Amino acid sequence: MQKIKSKRMEQFDLALRGELEDYREACCFCGDALTDIFKTHNPAPLNREEEAVCCEICVDKFVRPARMLQILNFR
Ligand SMILES: [Zn+2]
């Protein structure tokens, strides 16, 4: 698990230097192809898989409302 996370950090490092080539990940909700790592989002708490990412549309549609609910439920 730790290994996969550090792999993602490496990808970010490469991307920051403009050296990340052929980056391609699928949104875990709608399956859209994501080719810009800076436009990927963490889908937690809806999907906690280490490698899961989601697109900007789904983060607004599903992830942010879920986070809001979580905050409300913790009160
Ligand atoms: Zn999506």
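# Exercises on a predicted two-helix, two-strand model

Glu51 lies in the loop between strand β2 and helix α2 (residues 56-73), where helices (H or I, at least four residues) and strands (E, at least two) are DSSP runs numbered from the N terminus. The structure is a predicted model, in which local features need pLDDT of at least 70 and side-chain atom pairs count only at pLDDT 80 or more, whereas totals for chains, interfaces and linings use all residues. Residues are numbered from 1 along each chain as its sequence is written.

**Exercise 1. Classify Glu51 as buried or exposed, and place Glu51 relative to Lys7.**

Step one is the criterion: a residue is buried if 20 or more other C-beta atoms, placed from the backbone, lie within 10 Å of its own, exposed if 12 or fewer, and partly exposed in between. Step two is the count: Glu51 is exposed because it has 12 C-beta neighbours inside 10 Å. Step three turns to Lys7, which is 44 residues away along the chain, while the two C-alpha atoms are separated by 9.5 Å.

**Exercise 2. Describe the order of the elements and state where confidence is lowest and highest.**

Begin with the inventory, which comes to two helices and two strands, and then read from the N terminus, where the order is α-β-β-α. Next take pLDDT, the predictor's confidence in each residue on a scale from 0 to 100, whose mean for the protein is 91, with 93% of residues reaching 70 or more. Confidence is lowest in helix α1 (residues 2-16), at a mean of 82, and highest in strand β2 (residues 33-34), at 97.

**Exercise 3. Identify the residues of the largest nonpolar core and list the contacts of Val53.**

A nonpolar core is a set of buried Ala, Val, Leu, Ile, Met, Phe, Trp, Tyr and Cys residues joined through C-beta atoms within 7 Å. By this rule the largest core has six residues, namely Cys27, Val53, Cys54, Cys55, Cys58 and Val59. In the protein as a whole, buried residues make up 11% of the 75 residues. For the second part, two residues are in contact if their C-beta atoms, placed from the backbone, lie within 7 Å; leaving aside residues up to four places away in sequence, Val53 touches Glu25, Cys27, Cys28, Leu34, Thr40, His41 and Pro43.

**Exercise 4. Which residues does Phe29 touch, and why does Phe29 count as partly exposed?**

First locate Phe29, which is found in the loop between β1 (25-26) and β2. Its contacts, not counting residues up to four places away in sequence, are Cys54, Cys58 and Phe62. Phe29 counts as partly exposed because it has 19 C-beta neighbours inside 10 Å. Finally, Glu19 is ten residues from Phe29 in sequence, and the C-alpha atoms of the pair are 27 Å apart in space.

**Exercise 5. Find the cis peptide bond, and describe the backbone and exposure of Asp22.**

The cis peptide bond joins Ala44 and Pro45, with omega at about 10°, and Pro45 is found in the loop between β2 and α2. Asp22, in the loop between α1 and β1, has a phi near 55°, a positive value in a residue other than glycine. Asp22 is exposed because 5 other C-beta atoms lie within 10 Å.

**Exercise 6. Assign Phe12 to an element and explain why Phe12 counts as partly exposed.**

Phe12 is found in helix α1, and it counts as partly exposed because it has 13 C-beta neighbours inside 10 Å. Phe12 and Arg24, twelve residues apart in sequence, are 13 Å apart in space from C-alpha to C-alpha.
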